[in-house]
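Here is a short report for someone meeting this structure for the first time. Take a look at the sequence and the model before reading on.

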Amino acid sequence: VAAVATEEEAARQGCCWAELPPELLREVLARVEASEPRWPRRRDVVACAGVCRTWRGVVREIVRVPEVSGRLTFPISLKQPGPRDAPIKCFIRRHRATQTYFLYIGLTDALADTGKFLFAARKYHRPTCTEYLISLDKTDMSKGSQTCVGKLRSNFLRTKFTVYDAHPPHAGPVVSKRWPAGDYPVIQINYEVNVLGSRGPRRMNCIMESIPVSAIEQGGTAPTQTAFPFFNPKSSRMDSSITPLSSQVESKLVLKNKSPRWHEHLRCWCLNFHGRVTVASVKNFQLVASDESAPANEENDDTTLQFGKIGKDLFTLDYRYPVSAFQAFAICLSSFDTKLARE
C-alpha cells in the first residue's frame, strides 16, 4: 500500500509555485492583497490562500482583520469586529414565503446590488419562542449543519432575545461539544413595551455579553476570533492568539437605539440615516453606546449599527467596531419579529 503524502509534500510535488523564494512570494501576495479592496475581485486573495500551505501561511500574515483593513476576506472575518473609521455597508433580503433572510455586502456604493453573500438565516416557530438559525450556507440552514454559526432566540412575548454564538467568542474554555451546542450567549436584546403602539418608535437596548466597556475607550480592544473550530478538526480549542474575554470582570458594553425626533412638518419620527434608508418603518433603528457605556458617561453619537428599510423586502445594514457582521445580523433579525407587546 502506497504511503499517503502529507499536504505540504503533495503541494510541493504538484505545484511549482510553492518553490518561489519567500521574499518574492511575500511581495507578490502583498501586491495582490493591496490591489483588491472589495468583492468580487477580493476572491483572488482567497484563491491565493488555497494554492498550498506555504501560500496560505503568507496570506494569513498579510491579510489584516476588518478592524484595521475595513475588508472582509475569509469567513472568520464575519465574527471579527468591524472597522473603527467607517462602517461596512451591507443589506438584507427577506423572503417572506420561506421565512429566510440573506445578508450581503454591497459590491458598489449603491444602496443594494447583486452583493456578495455573507450569511443566511431561517425563522423557526417554537411553542414558547421564535428561533433564527444563522448559517454560512444559503442552502443549508438546518440545526445540525456544520455551517451554522449561531442562533437568535426570543422569549414567549418576543420582547427579549438572546444571541448565541456556536463557538466561544474568546480564548479559554475548551469546546466540549461541536455544533449544534451553541451554548455561548453573546448578546441580550431587550425591547421595552411600546405604550403608543405602532404610532410610536421602538425602544431597545443590547447588552454585549462578550464585549467590555473598555473596548470603546482609547486603546481598548474587543474580543476577536481567529479561526472556526470546525475548519480545524484536529483542535477543539480556539486559537490561542484570540483576545481574552475581559468582560467577565469588567462592565459589559450596552448599546441603545438613538432616540428619533418628531418632525412637525412631516408628522413623523425621524432619524438621519445619511441617505442609507429611504422607507419609513418601525423597524428602522440606530444603535449607539449608552450613557453608562460611553467614555466620561457622555452619550456617544457615533452610530455603531444602523438598520433601515429601502424596499418591500430589502433593508440596509451598516456596522462598525466593536460589533461584528454576525452580531449585527443577529440584532437586526430581532427587529423582524413583531408582537403586540412591542407595537
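The report below moves from the whole chain to the barrel, then to the helix that packs on the sheet, the cores and the cavities.

**The chain as a whole**

This is a predicted model. The chain has 343 residues, and 49% of them are buried. It holds six helices and 14 strands. Contacts between residues far apart in sequence are well represented. Among contacts with a separation of 6 or more, 57% join residues 24 or more positions apart.

**The barrel**

How many strands close into a barrel, and in what order? The barrel has 12 strands, in the order β1-β2-β3-β4-β5-β6-β7-β8-β9-β12-β13-β14. Their pairing is antiparallel. From one strand to the next, the twist averages 20 degrees.

The table lists some of the strand pairs, with the bridges between them and one pair of facing residues for each.

| Strand pair | Bridges | Facing residues |
|---|---|---|
| β2 and β3 | six bridges | Y101 and A121 |
| β3 and β4 | six bridges | Y124 and E131 |
| β4 and β5 | five bridges | Y132 and L152 |
| β7 and β8 | five bridges | I189 and C206 |
| β8 and β9 | five bridges | M208 and L253 |
| β12 and β13 | three bridges | Q286 and Q306 |
| β13 and β14 | six bridges | Q306 and D318 |

Start with β3, which takes part in two rows. It pairs with β2 in the antiparallel sense, and it also runs antiparallel to β4. β3 and β4 form a hairpin, with four residues between them. β4 covers residues 130-135 and β5 covers residues 148-154. These two strands are antiparallel as well.

Next comes β8. Its pairing with β7 is antiparallel. So is its pairing with β9, which spans residues 252-257. Why is β8 described as largely enclosed by the rest of the structure? Seven of its nine residues are buried, so the rest of the structure largely encloses it.

β13 is also mostly covered. Seven of its seven residues are buried. It is antiparallel to β12 and to β14. A hairpin joins β13 to β14 through two residues. Residue Q306 of β13 appears in two pairings. Its partner is Q286 on one side of the listing, and it stands opposite D318 of β14.

**Helix α6 on the sheet**

Which strands does α6 touch as it packs on the sheet? Among them are β1 (88-95), β2 (100-105), β3 (116-125), β6 (160-165) and β7 (184-191). The contacts also include β8 (204-212), β12 (285-289), β13 (305-311) and β14 (314-319). β4 and β5 are touched too. The direction of α6 makes about 35 degrees with that of β7.

**The nonpolar cores**

In soluble globular proteins, nonpolar side chains tend to be buried together. In this model, the largest nonpolar core has 51 residues. I92, F119 and I189 have the most contacts inside it. Helix α6, residues 325-336, supplies the largest share of this core, with nine residues.

What does I92 touch, leaving aside its neighbours within four places in sequence? Its contacts include Y101, F102 and L103. F307, D313, L314, F315 and L317 are also in contact with I92. So are F329, C332 and F336. I189, another of the residues with the most contacts in the core, stands opposite C206 in β8.

There is also a second core, separate from the largest one. It has 12 residues, including A18, L25, W55 and I62.

**The cavities**

How many cavities of 30 Å³ or more are there? The count is two. The largest has a volume of about 110 Å³. It is lined by 14 residues. Closest to its centre are K79, P169, S210, P223 and Q327. Two elements, β8 and α6, give two or more residues to this lining.

**Drawing it together**

Helix α6 recurs through this account. It packs on the sheet, gives the largest core its largest share of residues and helps line the largest cavity. β8 recurs too. It belongs to the barrel, is largely enclosed and contributes to the same cavity lining as α6.

Technical notes:
Residues are numbered from 1 along each chain as its sequence is written. This is a predicted model: local features need pLDDT of at least 70, side-chain atom pairs count only at pLDDT 80 or more; totals for chains, interfaces and linings use all residues. Side-chain values use heavy atoms; hydrogens and water are left out. A nonpolar core is a set of buried Ala, Val, Leu, Ile, Met, Phe, Trp, Tyr and Cys residues joined through side-chain atoms within 4.5 Å. Buried means under 20% relative accessible area, exposed over 50%, partly exposed in between (1.4 Å probe, protein chains only). Contact means heavy atoms within 4.5 Å. Two strands pair if DSSP finds at least two bridges between them. Axes are lines fitted to C-alpha atoms, for helices over the stretch in contact, and angles run from 0 to 180 degrees between N-to-C directions. On a 1 Å grid over the protein atoms alone, a cavity is a set of points where a 1.4 Å probe fits but cannot get out, and a pocket is an open set with protein on both sides within 12 Å along at least five of seven lines; lining residues have an atom within 4 Å of a point. Grid points are joined across faces, edges and corners, and a volume is the space filled by probe spheres set on the points.
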